[in-house]
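Please look at the sequence and the model below, and follow the enclosed spaces inside the protein one at a time.

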Amino acid sequence: MIRRVQGEVCAALEEADGSGARFVEDVWSRPGGGGGISRVLQDGRVFEKAGVNVSVVYGVMPPDAYRAAKGEAGKNGAAADGPKAGPVPFFAAGISSVLHPKNPFAPTLHFNYRYFETDAPKDAPGAPRQWWFGGGTDLTPSYIIEEDVKHFHSVQKQACDKFDPSFYPRFKKWCDDYFYIKHRNERRGLGGIFFDDLNDYDQEMLLNFATECADSVVPAYIPIIERRKDTPFTEEHKAWQQLRRGRYVEFNLVYDRGTTFGLKTGGRIESILVSLPLTARWQYDHTPEEGTEERKLLDACINPKEWLDL
């Protein structure tokens, strides 16, 4: 599934870019077991940087990496289901992508869908094997264009509703809570869906759900890119986009579970950091003026909105 989705997403992005630019493919192997395929398109006509990675890795991870994978870092060195003192055998497979367009009116998109399982550490005989699915798709615009945000959220809701009507409101809130930049008291963007540690449903059902969500990426995003990729913009619009990208960098390096897990397991650094934009900006004490489009975006990041009439 992840190989198929990688190919389909890359083909759609190359077509939307329209410059003849192609993804460069980087096949890599992980010394501890497994490997992956990173595909990156840089300096296209539409996309400044687009990365679409798949990886299938396995081996043994140290306890702090296990806690990063489970979102339990800093909890007294123990996982919620008991002590995990020794190295933990694991298997993980997933697709992860971040797409940064050049035009400030075209939003950044992130999606990630993954499956994870662990065996009991050697010093915990009889402990059960654990497995879970995680993932999500979220939109990070620099400017709010309601038509685009509503389209994006409606596609996420359609995918969720095929499986459980509670999924969209639950995973939408989870997304707003997860992509929270605590030191800024704001969200990274305008959300979407996010879930993790999901194992309280049938495995095949969750695989089908993750597949449906991954297959929804192109219809959720490409129509927005087609509408906005040639919108005229000023240097001021571009400067604001760069400031918002700075927030993107802050979240990914400080809070993101996938990034911290990759760093703690000695992952491939180019693949881990492919989510970062080519360029970003940090401007001292920048606050957009009341009543501006920039302020409208910031307010929506501070106070998440319901974009759909549920």
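What volume does the second largest cavity have? In this predicted model, the second largest cavity has a volume of about 60 Å³. Its lining is made up of His-100, Thr-108, Thr-140, Pro-141, Ser-142, Gln-241, Arg-244, Arg-245 and Tyr-248. Helix α7, which covers residues 235–254, supplies the largest share of this lining, namely 4 residues. Sorted by class, the lining of the second largest cavity holds 2 nonpolar, 5 polar and 2 charged residues.

This cavity is one of several, for the structure holds 6 cavities of 30 Å³ or more. The largest cavity contains about 850 Å³ of space, and among the 41 residues that line the largest cavity, Ser-55, Ser-96, Asn-112, Gly-258 and Thr-259 are the closest to its centre.

Which elements build the wall around this largest space? At least two lining residues come from each of the strands β3 (47–61), β4 (88–101), β5 (108–118), β6 (130–140) and β9 (192–198), and likewise from each of the helices α2 (63–70), α8 (257–264) and α9 (269–272). Strand β4 gives the most to the lining of the largest cavity, with 8 residues.

The chemical character of that wall can be described in the terms already used for the other cavity. In the lining of the largest cavity, 17 residues are nonpolar and 17 are polar, while 7 are charged.

Notes. Residues numbered from 1 in each chain as written. Predicted model: local features only at pLDDT ≥ 70, side-chain atom pairs only at ≥ 80, totals over all residues. Heavy atoms only, no water. 1 Å grid on protein atoms, 1.4 Å probe; cavity = no way out; pocket = protein on both sides within 12 Å on 5 of 7 lines; lining within 4 Å. Points joined across faces, edges and corners; volume = space filled by probe spheres on them. Nonpolar A, V, L, I, M, F, W, Y, C, P; charged D, E, K, R; others polar.
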